[in-house]
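Grab your viewer and work through these exercises. Try each task on your own before you read the solution below it.

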Amino acid sequence: MISFVKAHACGNDFLIIEEPLAQRRHAELARKLCARNTSVGADGIEFLDRTANGEFFLRLFNADGSEAELSGNGTRCVAAWLASSEGRQEVALGTHGGLRTCHVIESNDPLYLIESEMGVPRVMQRTIVMPGVGEVPGAMVNVGNPHFVLFVESDDFSAHGLNWQELGAQISVSPLFPHGTNVEFVRILSPSEIAFRIFERGCGPTTSSGTGTCASSAAAMVLRGVERELTAVAEGGPQQTVWSSNDAVMRLTGPAEIICHGEVAAL
């Protein structure tokens with residue numbers, strides 16, 4: 001049996017498992033335990049490693065068993081769990097995408113409001129060519145992991161004659177992105193608000209994404225001139241981003257909630 005915690009951030013759900021329990025079966029456990037019909041179910045697993053000097057490091061495995069650099073929402077879920085279980089109001093979490101420091105703003109266990117320092121986004125405008133679709137203008141954005149952001153006008157977030165799920169699936173695994181990419185479809189609602197949809201690499205459509213929120217916000221700020229303090233609304237709800245300048249660290253604020261903890265068979 002493996003002990004786990006389940007948490008979600010705007011519906012983007014994760015299992016949290018202590019690293020020693022993985023026994024180098026990270027990908028296998030992710031595929032098994034994230035299955036929604038036959039196991040606990042989640043978008044991914046955050047494996048929490050506690051180093052000898054008291055620091056933390058996270059390894060994120062998606063539901064398909066692939067390893068990703070980091071998840072903004074997953075990191076926030078771990079911060080919420082450490083606040084709930086150990087009373088930590090601030091925690092620095094190492095990831096393969098860089099260090100992420102989380103600050104608890106409000107706590108009403110099991111629900112927490114957390115601000116995360118998400119690093120400095122890098123935005124590069126780019127038009128890609130997709131077979132059967134043609135030219136797709138957008139932006140490559142790196143926030144510790146890769147994203148491709150498209151701007152759309154339609155209420156249903158469709159683009160180039162396809163619904164966003166279909167186009168997102170194609171772009172995510174395109175050879176143009178050797179390591180795959182997350183894909184966001186962004187609508188500008190006002191100078192201070194955007195709405196977006198996410199096709200997440202290794203998972204598919206998700207209700208929310210912390211890094212996707214940051215990537216969408218950064219692209220909108222740089223390429224569409226929206227305000228530097230922004231509300232970004234996904235299907236799972238709104239989050240807030242603040243990015244004072246292109247060379248500053250972006251801050252992301254949003255909720256995280258502990259759902260349950262228990263044990264699961266992992267044979």
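## Exercise 1: Around arginine 201

Leaving aside neighbours within four places in sequence, arginine 201 is in contact (heavy atoms within 4.5 Å) with Asn62, Ala68, Glu69, Asn145, Pro146, Ser172, His179, Gly180, Thr181 and Asn182. A word on ground rules: this is a predicted model, where local features need pLDDT of at least 70, side-chain atom pairs count only at pLDDT 80 or more, and totals for chains, interfaces and linings use all residues. Residues are numbered from 1 along each chain as its sequence is written, and side-chain values use heavy atoms, with hydrogens and water left out.

**Task.** Work out where arginine 201 sits, whether it counts as buried or exposed, and which side chain it meets in a salt bridge.

**Solution.**

1. Start with the backbone: arginine 201 lies in the loop between strand 13 (193–200) and strand 14 (204–206). Strands here are DSSP E runs of at least two residues, helices are H or I runs of at least four, and both are numbered from the N terminus.
2. Next, accessibility. Arginine 201 comes out at 11%, so it counts as buried. The cut-offs are under 20% relative accessible area for buried, over 50% for exposed, and partly exposed in between, using a 1.4 Å probe and protein chains only.
3. Now the charge partner: the side chains of arginine 201 and glutamate 69 meet in a salt bridge at 2.6 Å, N to O. The rule asks for a side-chain nitrogen of Lys or Arg within 4 Å of a carboxyl oxygen of Asp or Glu.
4. Check the partner too: glutamate 69 has a relative accessible area of 24%, so it is partly exposed.

## Exercise 2: The annotated site

**Task.** Find which residues of the UniProt "binding site" feature belong to the lining of the largest cavity.

**Solution.**

1. The unreviewed UniProt entry places this feature at Asn12, Asn62, Gly72, Asn73, Asn145, Asn182, Glu200, Arg201, Gly210 and Thr211. UniProt positions follow the numbering used here, feature names are shortened, and annotations may be inferred rather than shown by experiment.
2. From that set, the lining of the largest cavity takes in Asn12, Asn62, Gly72, Asn145, Asn182, Glu200, Arg201 and Thr211. A cavity is a set of points, on a 1 Å grid over the protein atoms alone, where a 1.4 Å probe fits but cannot get out; lining residues have an atom within 4 Å of a point.
3. Take a look at glycine 210, another annotated position. Glycine 210 is found in helix 4 (residues 210–224), and at 0% relative accessibility it counts as buried.
4. Not counting residues up to four places away in sequence, glycine 210 touches Gly72, Asn73, Met118, Gln239 and Leu252.

## Exercise 3: Two domains

**Task.** Describe how domain 1 and domain 2 meet, with the buried area and the number of salt bridges across the interface.

**Solution.**

1. Set the bounds: domain 1 is 2–115 + 255–264, and domain 2 is 122–248. These come from an automatic or database domain assignment.
2. The contact takes 19 residues from domain 1 and 18 residues from domain 2.
3. As for spacing, the C-alpha centres of the two domains lie 24 Å apart.
4. Together they bury about 1,200 Å², 43% of it on carbon and sulfur atoms. Buried area means the accessible area (1.4 Å probe) that two parts lose on being put together, summed over both.
5. Finish with the charges: the rule finds one salt bridge across this interface.

## Exercise 4: A charged network

**Task.** Trace the salt bridges that arginine 36 forms with aspartate 13 and aspartate 43.

**Solution.**

1. The search of the whole structure turns up 12 salt bridges.
2. In one of them, arginine 36 pairs with aspartate 13, with the closest N and O atoms 2.7 Å apart. Arginine 36 lies in the loop between helix 1 (26–33) and strand 3 (44–50), and aspartate 13 in strand 2 (residues 12–18), so the pair ties together parts that are 23 residues apart in sequence.
3. Arginine 36 also pairs with aspartate 43, at 3.0 Å between the closest N and O atoms.
4. Compare the burial classes: arginine 36 is partly exposed at 48%, aspartate 13 is buried at 6%, and aspartate 43 is buried at 8%.
5. Put the pieces together: Lys6, Asp13, Arg36 and Asp43 are linked in a network of salt bridges.

Notes: 1 Å grid on protein atoms, 1.4 Å probe; cavity = no way out; pocket = protein on both sides within 12 Å on 5 of 7 lines; lining within 4 Å.
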